Structure formats: C-alpha cells, structure tokens
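Reader: I'm new to reading structures, and I'd like to zoom in on one part of this one. Could you walk me slowly through a single region and then show me how it sits among the rest?

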Amino acid sequence: MRLIYSKIEQKTGEGTVGLLPEEPEDMWHIYNLIQEKDIVRARAVRRISKITEFGPTSSQRVAFDLEVAVLATDFDIGSGQLHVIGRVAEQNEHAKMGAHHTLDLELNRKFHLTKADGWDSVALQMLREACDVDRRAELWAVVLGPGTANICIITEHQTILKQHIEVPVSRKRRGGVDSHTKGMEKFFSTTLATLLRQMDLTGTSAAKLGKTLPLLLASPGFVAQSFLQHIKDEATRTTNKPLLALIPSIVVAHSSSEHIHALSDILSSPTIASKLSDTKYARETALMDQFTTLMRHDDGRAWYGPREVERAVDKGGVGRGGGVLMISNALFRAQDVDERRRWVKLVDRVRDIEGGEVRVFSSLHESGKRLEGLGNIAAILTYPIEDLDDEDGDLDEGDQEGDMII
Amino acid sequence: MPPKSGFSRTRNIDYDDDDAYDDDYYGEEEAEAETTADDKEQMRLGTIRVREALGEFEAGVGDSQIHEALWHYYYDVGKSVTYLKNQLGGVQPPRDAPAPKKEKAMSKFDQAASAAVQKAPIPAGTTPKKKRNPTANTEKLAQSVGNLTVDEPRVKSKNLNVVDEFEKSGMKRMANFVVVGHVDHGKSTLMGRLLYDLKVIDQRSIDKLRKEAENIGKSSFALAWVMDETSEERSRGITVDIATNYFQTDRTRFTILDAPGHKDFIPNMISGSSQADFPVLVIDASTNGFESGLKGQTKEHILIARSMGMQHIIVAVNKMDTIAWSKSRFDEISKRMTTFLTDASFLEKRITFIPLAGLTGENVVKKVDHPAADWYTGETLLEALERVDLPQRNLQKALRLSVADVFRGDMRSPLSISGRIESGTIQVGDVILALPANETATVKAIEIEDEPVDWAVAGQIPTLHLADIDPVHLRQGDIVCPVNAPVKLVKAFSSKLLAFEHVLPCPVEVFRSTLSSPGSVRTLSAKLNKFTGEVVKKRPRIIKPGEVARVVVVLERELPIEEGMRVVIRERGRTIGAGLMEHVA
Ligand SMILES: Nc1nc2c(ncn2[C@@H]2O[C@H](COP(=O)(O)OP(=O)(O)OP(=O)(O)O)[C@@H](O)[C@H]2O)c(=O)[nH]1
Ligand SMILES: [Mg+2]
C-alpha cells in the first residue's frame, strides 16, 4: 500500500493519512485499520435521475468525493472487496449531511482516513506493516486428500481459500479397484484445471509480476506425491510451457489432514519453513506450538484468555527475557472503542514497559484461528504463575472403582 | 441386483449340465469355480441325510432344492431340513436363500441361466411356483427384470415385518470385526492367510498373487495382497483403506474389515472400526516390533476401538515364527498389553491372546505344530473368533446407517451406497432420507455379502442400490434414516469426552462413524469424575490425558449427529479424545 501523505500529530496521534491500496492484501490491512466512528473520505458514485414534468427521464452517474463517519465495515475475504458503511459527514450537493452511504474501497483508488480516537500504537504499527514495500512472501498451497482439495493462497497476513474441490471418489472395493482409480484420476485432473485457472500462469498478473509463486502440495499419505506425478505427466503430455516451468517450484509436504487448518503444522515444520521464505505465518505457528507445549507440561508459564493474560501482565510475567503476548487482530477490530483501548493499553504496556515481545496474529491465518479458540489472546510468561484463573481447585475426585461413564 | 461378473456367468454355463451347480452358487465369489471333491462328497452325504430327516415331506422335494439348502447352510442338515419344510409348508424361506439372478435381456447366457432360475430357491416373500412352462417363466423373468430397470419409476415394497422375518429366518450369527494394529504388524497377511486356509481364496488366486508379488520384489506380501488390492497399496506394501471380505463358520457369518496401520490413514481405520463389533489387534512379537508399535499406533488403535463401544478384543501376537515361538516373549507381551487394555477399560475376561504366525498360518485355522510351541494348547484364531460374544442388535429402533462408501455399483442403478446399519431395519422398496442433503431415495435393491436380499437388519453392512436420487446428494459420512424419524442436523454439541492427549480449545477433526468433518473444540465446560460423571472442576484450562470432561464441539457446518452417537476427536494427526454426543449446544 502506498502512503500518499501522513498528517499525524506526534503527541496526540490525531490526524489523517492518504492511502492507495495496490495489492489485494492491502484491502485486508484497510479493513483492520478502519474503526467505527473513523472518518473516511473517498470517491463515491451516485446515480442521479433528473425528474422532469414527464416523470424521471434520464439518469446519470456522478462521481464526487464524499466523507463519511464509519458505522460498520463489510469485508469479503475472497474477493477482497471492502464496503464502508457510514453517515455523510460533510454535506455536498449530492449527499445530505447524516444520510447513510456506503463507500466501496477498491484497489488503485486512493482514500483518506482520519482516526476518530487518534492513531494509537497498534494502528501505527499496522500502517507501517501495510506500507512496507519489501517483497512479501506469498505462496500457493493445495491441501488435499482422496477426493478433496483446498486451493489457497498464503500471503504474509492472510490464508485465503480460493477454491474447495470435492470430486466423489469411491473407496476401494473387493475385487474392483477400477472405480477408485478412475475417481482419483478425475479428481486430479479437476484439481489441476482449477489450480491452473486460479494461478493464472499465462495470464497478465503473472506475466506482469514476472515471477512464479512457489506451490506447496500437502496431504496425508501419498496423495500429494501422486498429484505431483499427475502434474508432471500432464505437463509432459501437453508440453505446457508455463506448467513445465512451474514444476521446479513445487514443494511436496506431509499434512495431518486434508483440511486447511492442517496448513499450520505444515508451515511450521522446519523442512518446509526452510524451503519457503520465512513468513509471518511460520513465526506465528512456531509460537503457538511453543505455547501448547508449555500448556501440555502444565507449566504455569502458559496462559490464555483475556482475564488470565491481563493478570499475568499485571504480575509482571510477560516481560523481558522471553515474555510473549500473542494477540489476534480481531480484538482490535472491536466495535467498542473502550474494548480496543483495553487491548492497545495491554500491548503498549508489554512492549514499552515490561519489555516483552508482542505478536499481533492475523485472524486470517490458521495460527490466528487457533488463537481464536483460546479467546484471541495468550501469553508465554517468563516465570510460572499458578492459579491465574482463580477458579476453585479440583474437587476431590474420590478414588472410585467401576465402569467409566464413557 | 448385483452386477454379475462375466466370469460367474461363464461358470454358470459350464455347469449347465449339472443340477447341483446352478446359478446360485455364489456364496463366496473368491471360492471361484471348483467345487472340491470334498464338497461333492459332503453334498452327497448331506442329501441322503436330509431325505431321511424330511420323512413324509421327502417326496415333494427335488435333489436340486436339497443341494441348494445344504449349500446355503454349509451342509448343516438340521437347518436345511427346517428350511425345506418351511418352504413346503408355504412359510417364507430364510433370507439366506438368495433371490434368483436375472439379466436385463435374454442373451444366450441368460437363456442358459433361466434354466437355473427355475431351480433356484424361491425368493423370500413369493409363493413357490409350480409352473414349468418356459414361456411363463421367461415372462416372469422379464417382469421382475422390469422392476429393476431405471425407467421403472416405482420399486414395490413387500411390506415385510423385517423383525419377524429376521427372527423366523434362523440366520447364523453375524459378526463384523476390524483388524487393527501398528503398521506392518501383519494384519493383511493374517487375513489373507485366514481366507486362504478357509478356502475362501483358492490356490490358483494365491499362486497368481505370489507370482505378481515376486515380480515386483515383494513376495512376502502375497497374502497381504488378498486385502491390499490397489496398485498403490501393492507397490508400497502398505494398506491405505479398509478392505472388506467375508467367510463363515458353522455358527457365524463373519465380515472382515482390514484396517490400515499407518497413522496417516487413521481416518479410514476409524471408519472401519465404526462398522465393527469387536477388534482383532495384531501385534508383531518380533524383536523391537512390539516396542515400535507401542510408540506408534497400537495404543491409539485400541483406544479408538474401545471408544466405539467395543468390549471384546482378540490380541493376535503375530510373527511368532521370528522369535522361535518364545513363551517368555509371548508372556511379556500379554502381560504388558493386559495392563494397557484393562486401563482402557476392557475387562480381563474379554481379552484373548493367541500366539500365531500369519505368514505361515500357525494357530490361524490350524493349530501350531512346532516343538518350540508345545507350551501353547489354547485356541486358534478361528476358534477364538467363533467364541466371541456379540453385542445386542437394535432392531426395534429407527433406522440409522452411516454411509461408508458411495459408488456406482450397478449399471442399472445410478447410485449405490454401503455402510453398517447401526440400528433398525431396511427392506427393498423403502423410501429413505439422506442427511445432511435432506433428500429422499428409494431402495431398489439390497445386497449382503454380494448376494441380493429383500431386507437387512442392524449389525449388517449392506449395499443399497438407490433410485430417485441424484448422486450429488450422497457422500461418505452421510446418514440414511427413515423419512419420519430423521436425525437432527447439528452445528454445535456438548460431548462427554475421554481425553487421550491434552485437550485445549483448538481446531480439530471430528469423526462420527464414517463421517469426518473439520470443526473445533470451543469450550472446556467442566472436568468430570470418571465414574460418577459429577463435575469436578468448572472451566478447566486444559484437560489431561485420561481425564473425562464435558466440552463443546463446533462443526464447520450442520451435520447429522444425535444423542448417544460416538465421536472421536483428532488434532493435527493425533487422536486427542473420544466420547459421546450429549446434546445440542
Ligand atoms: N515372519 C513373519 N512375517 C510376517 C508375518 N505376518 C506378516 N509378516 C510380514 O510383515 C510384513 C507386513 O505385513 P502386512 O500384512 O502388510 O502388514 P499390515 O499390518 O497389514 O500392514 P499395514 O496394513 O500397512 O498396516 C510383510 O512383509 C509380511 O510378510 C508372520 O507371521 N511372520
Ligand atoms: Mg494391511
């Protein structure tokens, strides 16, 4: 994303920025930046019908700059479309003050954003990340099992499911494995055709960027390997140049299932991480793993949930020397301003006062989804603290004999 | 109606001149052509005995009918006599008697076949026909064929009281067992051996497999190839998906579900286990074999089987040949496994250990004959199988069938499904409801063990040929139930869960018999007392292995799951717990 200008008051954080989204992922950043009550100014289009004495005759599209105070945002992950619903904040000849209007923010269209509550540290950090022009890691991934495939694109901040494929493949049956084999062939060819359409190897986008994104194939068992073999066979058979060129950038990996959430373990495996450039995803995943390992050892250094983590920070447990606060960006999208302030304060405290590490997880990555299950927030502490959940301890289980209830 | 392989039909022609070998001799497809000399002798003696026993009825019965009955009852004279008497008395014959096979059109083959049809036992529910008029017969044939073609809109239900039919049929016990255990411990080989020694697989087929296996340098896998049929399984020497096969003993009709041992294929193993009554656990007794299994899938398989509600277990301590039938090794393995199994709440008296060697066949069907194995005087695997107590079947409850496979099983049927009937009964002509699609279908034909039947009951694993439904509406894991007693679709449910590993709220895979779906453990509601079910701690932050807890599970989308159904929860390739669906959350 291009930062066209930035007029932010250092001290108060008040101010406005002009932004130009250039890549699909930028829409995700914008979605995370815009809060309720913020002021967004962008080009709006309205259909104006002229009313004559004979009734409405001509209708005309007019474009004009419009400023709205945000009521809500609506983001479609798949298409990257972001609709900003608000009330007109600046009267003009086409729009009445206070009237509802929806602005559609689009790629390559600039807009202006004024934070109602000022630019806090989290918002500024997001802005910095969004405008970081460094080449971002990006890859395609197909997670598959017999008859099911999920085609995704993984960017630094998002895992986007582009297409879910299901082709009925009958299972092996006594005395007849033909229909299984045929089903698998059909499944592979459907998956490959869909993948190629999605990747658009010959299309303008690839040509423009002049790069081939790596492709990760992952499955339990041998399906991914068989699929790679199918791709190779197809490439040779059809002498499809772009496809042949793709083959060297394919990586095959093992996954525990054919579901997308299996991506989190694939990308955290060292072999894959070393083959693909180190993404935010991989780092987040590694942290989640470290966290769950501590949890399993019943180590008081791992806590999750809003209250528990706040208490841990209060007690100085998430500071210098290994303290990590993991927080999902979903919490910063809170409708309630106070709620957002609560989390920004916590982040600021850990980073600036306690000296701990803060990781804002993307709720669109699988690691973010795992964090979501834990209440969107978790922490690795520098030393064990017990009973942060201050529930009553275990009631006496009483050594009973007999049949289990399960 | 099953598709008949060209082979079968040819065989039919071969035996055209012999009354005894008509079209219905398909009990075991693998038994292939030859009726052995042994069989012939048994048949001859049996016929004489049946005639004796029939007494006054004897005159009305043709040799072919007697042969038929004997064949289907495995030369059990008593049962054959009852069947024949019932038939003469106008009572319905047992369902074991297959309906005559029919073909679409009267090809040359079929004309030959029709001769056989005349002599075939009367299909259940029809009155014996006296007519010998060939034209009439042909007509009847065409008629019944008509009932089965796609364009015929309605399949008539015979409106049988299936529970009564089942009770009257005097059917053998039906047992489905799943063969589990760590990868390469010899599950498929053992089953190949069992089928071979029972002559379900004939020598010729085995020889063929031996040669093929040798050709790719995998000769030790020849017996496993009986089960491992896909080229991938064969080239890699590993089972990927459940293989099903059948055999019967005097008392019992068995269905084998040979599970894969590799951890990647546990979803298939779960699907197979959900269709079984009890597990046969195979353990490699060889040096390090047993130990690597303990680190691997041995325990996970046991816990899954147990969580499916299975109570009996046969432990096949395999590859005893590699350790010279060492008694101390066998004892050591038995001891350690008993501890683990009883911890997993199998009762000690329901655990059977058998030292055996699948590759060579000792103690499988034949008793071991090896000086080093003198110490063992117990059962063979087959004997132990025959002795296992089987669970009660829920015939009276509403139909529940979890779809294990969807395929095109018959040219004339656009869609066939198979799966175990969990509860209830089903008959040809029934209209069923497929969930979650919520679409109805008509049951056009039913097959059990590749034989057409009129009905099927809980505990059996039938193939249903369906009409009036688009294939897109059915997939593995769907539930088939009566239209008037559907299973609710559920998005989130509370479950009593026994943790095998640490459980945290996280994305998981949820398994319910043959169904698997992405989902998540959303809330750890409470830790429970294992034995009383009382709440021990509310909102625990983690559940440790061995603990029982109430958790809320959320599915990716609404799926058919109802109270009391068993679920298995896996995370990142490990089974973290299993339990019971309690209620919608
Ligand atoms: N010596 C010896 N080898 C055996 C015996 N049973 C099996 N094997 C060998 O063990 C290997 C694995 O056998 P399989 O039957 O494929 O094992 P499996 O348990 O079905 O393996 P998966 O289905 O892939 O988990 C083969 O090479 C067999 O020949 C036995 O009783 N003795
Ligand atoms: Mg096997």
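Author: Here is a walk through chain B, beginning with its magnesium site and moving outwards from there.

Keep in mind from the start that this is a predicted model. Chain B has 585 residues, and 60% of them count as buried. Its fold is built with 15 helices and 24 strands. If you take the contacts in chain B with a separation of 6 or more, 72% of them come from residues 24 or more positions apart.

Now for the metal. Which protein atoms serve as donors to the magnesium ion, ligand 2? They are OG of Ser188(B) and OG1 of Thr239(B), lying 2.0 Å from the ion. Look at where these two sit along the chain: Ser188(B) belongs to helix α8 of chain B, residues 187–197, while Thr239(B) is in the loop between α10 (231–236) and β2 (243–248) of chain B. The pair therefore ties together parts that are 51 residues apart in sequence. Are these donors buried or exposed? Ser188(B) has a relative accessible area of 7%, so it is buried. Thr239(B) also comes out as buried, at 7% relative accessibility.

Follow the loop of Thr239(B) onwards and you arrive at β2(B), which is part of a sheet. That sheet is open and has six strands, in the order β2-β3-β1-β4-β5-β6 of chain B, with mixed pairing. At its edges stand β2(B) and β6(B), the latter covering residues 351–355; each has a single partner strand, so one side of each is left without a neighbour in the sheet. From one strand to the next, the twist averages 25 degrees.

Let's pick out one pairing in this sheet. Strand β1 of chain B (residues 173–180) runs parallel to strand β3 of chain B (residues 252–258), and seven bridges join the two. As a spot to find on screen, try Asn176(B), which stands opposite Thr255(B) in β3(B). A helix packs on the sheet too: α14(B) touches β4 (278–284), β5 and β6 of chain B, and its direction makes about 160 degrees with that of β6(B).

Two loops are worth a pause here, as each has a lysine with a backbone angle to notice. Lys199(B) isn't a glycine, yet it has a positive phi of about 65 degrees. You'll find Lys199(B) in the loop between α8 and α9 (203–215) of chain B, so start from the helix that holds Ser188(B). With 61% relative accessibility, Lys199(B) counts as exposed. The other one is Lys319(B), again not a glycine, with a positive phi of about 60 degrees. Lys319(B) is placed in the loop between β5 (313–318) and α14 (327–343) of chain B, and α14(B) is the helix we just saw packing on the sheet. At 24% relative accessibility, Lys319(B) is partly exposed.

Further along the chain, have a look at strand β12 of chain B, residues 431–435. How many of its five residues are buried? Four are, which makes the strand mostly covered. On one hand, β12(B) pairs with strand β13 of chain B (residues 439–448) in the antiparallel sense, over four bridges. Leu433(B) stands opposite Thr440(B) in β13(B). On the other hand, β12(B) is joined by four bridges to strand β17 of chain B, residues 479–482, and these two run antiparallel. There, Ile432(B) stands opposite Pro482(B) in β17(B).

The turn of this hairpin has details of its own. Three residues lie between β12(B) and β13(B), and in the hairpin Asn438(B) takes a positive phi near 60 degrees. Pro436(B) is in the loop between these strands. What kind of peptide bond joins Leu435(B) and Pro436(B)? The bond is cis, with omega at about 10 degrees.

To retrace the route on screen, begin at the magnesium donors Ser188(B) and Thr239(B), step across to the six-stranded open sheet, and finish at the hairpin of β12(B) and β13(B).

Note on methods:
Residues are numbered from 1 along each chain as its sequence is written. Chains are lettered from A and ligands numbered from 1 in the order in which they are written. This is a predicted model: local features need pLDDT of at least 70, side-chain atom pairs count only at pLDDT 80 or more; totals for chains, interfaces and linings use all residues. Side-chain values use heavy atoms; hydrogens and water are left out. Donors are N, O and S atoms within 2.8 Å of the metal (3.2 Å for Na, K and Ca); water is not among the atoms, so sites may look incomplete. Buried means under 20% relative accessible area, exposed over 50%, partly exposed in between (1.4 Å probe, protein chains only). Two strands pair if DSSP finds at least two bridges between them. Contact means heavy atoms within 4.5 Å. Axes are lines fitted to C-alpha atoms, for helices over the stretch in contact, and angles run from 0 to 180 degrees between N-to-C directions.
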